[in-house]
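Biologist: Could you take a close look at one part of this model for me, and then work outwards from there? I would like to follow your reasoning step by step, so please be generous with the details.

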Amino acid sequence: MTGVLALVLTAVVTAVTGYRWLRVAQVEHYLPGSVLLVASRWWSGLLVNGVIAGVAVAVLVLGPVGGFVSLLLVGIGPFGLPLVGRTSKIRPTRRMRTLAITWLVLQVAAVAFLTIGMGVPLSISGAVTAMGVPALIDLALLLLQPIENAVSARWAKRASQRLAEIDPTVVAITGSYGKTTTKALVAHLLSGSKSVLASPASWNNRAGLARAVNEQLAPGTEVFVAEMGTYGPGEIRDMCRWFPPQVSVITAIGPVHLERFGSLERTLTSKAEIVSGASHVVLNVDDERLAALAHRVTGSQDAPAPEVTVWRCSAVDPGADVAVIPGDDGSAQVRIHGAQAAEVATKDAAPTNLACAVAAALACGMNARDVSGRLSQPLPVPDHRLSRSTGAKGFTILDDTFNSNPAGALRALDALHTADGDGRRVVVTPGMVELGPLQDEANEAFAAASSEVASTLVVVGRTNRRALLRGAKIAGLETVTTHNREAAVEWVKATLGPGDTVLYENDLPDTYP
């Protein structure tokens, strides 16, 4: 009877735990190692979860009875991480089904090895392997990676062939931040005179770009604008092999995903892969690392780079190839090769993003007059990147929830400062993540900077709570804490009214505490 109960409880806890961590694997884009990273974040980040984990391990010394207790504890933990998902539910895709089957085989094998091969009581082996579910899912991801790469390569090959047949100019855009906004601006400028396809949403890896080409690239398309993201060296080089750009753009180098990259130098090396083979290279030279890259791409006087045009873009140097110089009146002057071309509202786009977009359009063959004409029209603002709306009770909403970098966060505070209305200014944020050793410092600084324009800081979740509260306390800023984004939204609805403005700065998936 005890054996049957142990078998049933092991099966139930394994199923529940597996479902939880398989969903995390999908949210984290099936990256090997990501599930263990999230698991450590939850088990060590909250005191209650640390206690549950400690007790679950300690009771194993009690034998089979301790195994039952441990199984129950593992099944309910980690406390606070949703099983079904608050922000993203599990999707039964082909890749998810393959991962689930592979993990289940590994899980059963681990239980069998401990129980049959090592003679460990089933309740104990079930508890131990249930604790190891995140590691076994990561192992499954690692084992499946070559297969998934082969599947992706097949679709990429088909997309490459289609791209060669239709033969559009390919504009590839990368950067630590500003990629999506710059992509939208390039498409806007070019669409006045050319047929343009921009990769949708954040389809910025090989699979996403292949899908965009295979499903949406129509005959007659003259320009394909491709956003390219990366978590490390080699990824952009691979994308450029399948989707070779004629025009390459790097918007900025910053600490976004620094936790994964390890250093800004490695970030630069990874992003700079995009310039290889391009005939036009567009760089934000206000970034000192990209200014140095511009010199390397151009080549020395003794060994100039053949047939490569470098477009230097700036928000401070009016003599740059393309400059967007902000003024004091909320507008900016757009200058092309030193000559004024247009005037735009600075709230519509970050100056360096717009400068890079103008340079990319010129590199694609547009003339300065046509670019100026497109700049006179309303510029696109991608969803959740400082997009503006009005709440039901009349307050202004600045939605910057898809931004998670220090530079963009400060720009959002500027937008909050200049927003219409003379009422309360509120910042709602979970803070910024994946900044490595700079994360606490960056969040503390952001909270302090918020005090200059906001009356209240609403801190969402626990991930950066201490750093944000510390920065707010130093600056004397009123704070409110909420467990999740939904609770923060309810607080805003209950508190704000006409004349007030709320800035939603960044949002995190529910894989963060």
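**A close look, starting from Asn353**

Modeller: Happily! Let's start with Asn353, which counts as buried because its relative accessibility is 9%, and the cut-off for buried is under 20%. Please keep in mind throughout that this is a predicted model. Asn353 belongs to helix H14. Leaving out residues up to four places away in sequence, Asn353 touches Gly178, Thr181, Thr182, Leu185 and Thr251. For a sense of scale, you can also look from Asn353 to Leu136: their C-alpha atoms are 42 Å apart, and 217 residues separate the two along the chain.

Some of those partners lead us to a helix pair. Helix H8, residues 179–190, packs against helix H14, residues 351–363, with the axes 8 Å apart and an angle of about 40° between them. H8 is therefore oblique to H14. Their crossing is right-handed. On the H8 side, the contact is made by Thr181, Thr182, Leu185, Val186, Leu189 and Leu190, and on the H14 side by Asn353, Leu354, Cys356, Ala357, Val358, Ala360 and Ala361. Sorted by class, the residues in this contact of H8 with H14 are 10 nonpolar, 3 polar and no charged. Asn353 is thus a residue of this contact as well as a buried one.

Cys356 is another H14 residue in that contact, and it raises a natural question. How many disulfides does a search of the whole structure find? The search returns 0. The distance explains why Cys313 is not bonded: its sulfur lies 4.2 Å from that of Cys356, the closest cysteine sulfur, and this is too far for a bond. The cut-off for a disulfide is 2.5 Å between the sulfur atoms. Seen from the other side, Cys356 is likewise in no disulfide, with the sulfur of Cys313 as its nearest cysteine sulfur at 4.2 Å. Are these cysteines buried or exposed? Cys313 is buried, since its relative accessible area is 0%, and Cys356 counts as buried at 1%.

Now let's step away to the helices at the start of the chain. Arg23 sits in helix H1, residues 2–27. Is Arg23 buried or exposed? Its relative accessibility is 0%, so Arg23 counts as buried. Setting aside neighbours within four places in sequence, Arg23 is in contact with Leu81, Pro82, Leu83, Val84, Gly85, Ser88, Lys89, Ile90 and Asp510.

H1 also packs against H2, at an angle of about 120° and with axes 9 Å apart. That angle makes H1 and H2 oblique to each other, and their crossing is right-handed. Trp21, Val24 and Ala25 of H1 meet Val35, Val38, Ala39 and Trp43 of H2 here. By class, this contact of H1 with H2 has 7 nonpolar residues, no polar and no charged.

H2 (residues 34–45) has a further partner in helix H3 (residues 47–58): the two pack at about 100°, with axes 5 Å apart. H2 is therefore roughly perpendicular to H3. Trp42, Trp43 and Gly45 of H2 make this contact with Leu47, Asn49, Gly50, Ile52 and Ala53 of H3. Here the tally is 5 nonpolar, 3 polar and no charged residues. Trp43 is worth a click, as it takes part in the contact with H1 and in the one with H3.

A few backbone details round off the tour. Between helix H4 (64–76) and helix H5 (94–117) there is a loop that holds Pro78. The peptide bond from Gly77 to Pro78 is cis, with omega near -5°.

Two residues that are not glycines have a positive phi: His337, at about 50°, and Leu386, at about 60°. His337 lies in the loop between strand E8 (331–336) and strand E9 (339–345), whereas Leu386 is in the loop between helix H15 (368–375) and strand E10 (387–390). His337 is exposed, given its relative accessible area of 53%. Leu386, with a relative accessible area of 10%, is buried.

Conventions: Residues are numbered from 1 along each chain as its sequence is written. This is a predicted model: local features need pLDDT of at least 70, side-chain atom pairs count only at pLDDT 80 or more; totals for chains, interfaces and linings use all residues. Side-chain values use heavy atoms; hydrogens and water are left out. Buried means under 20% relative accessible area, exposed over 50%, partly exposed in between (1.4 Å probe, protein chains only). Axes are lines fitted to C-alpha atoms, for helices over the stretch in contact, and angles run from 0 to 180 degrees between N-to-C directions. Helices (H or I, at least four residues) and strands (E, at least two) are DSSP runs, numbered from the N terminus. Angles under 35 degrees count as roughly parallel, over 145 as roughly antiparallel, 65 to 115 as roughly perpendicular and the rest as oblique. A crossing is left-handed if the near helix is turned anticlockwise from the far one by less than a right angle, and right-handed if clockwise. Contact means heavy atoms within 4.5 Å. Ala, Val, Leu, Ile, Met, Phe, Trp, Tyr, Cys and Pro count as nonpolar, Asp, Glu, Lys and Arg as charged, and the others, Gly among them, as polar.
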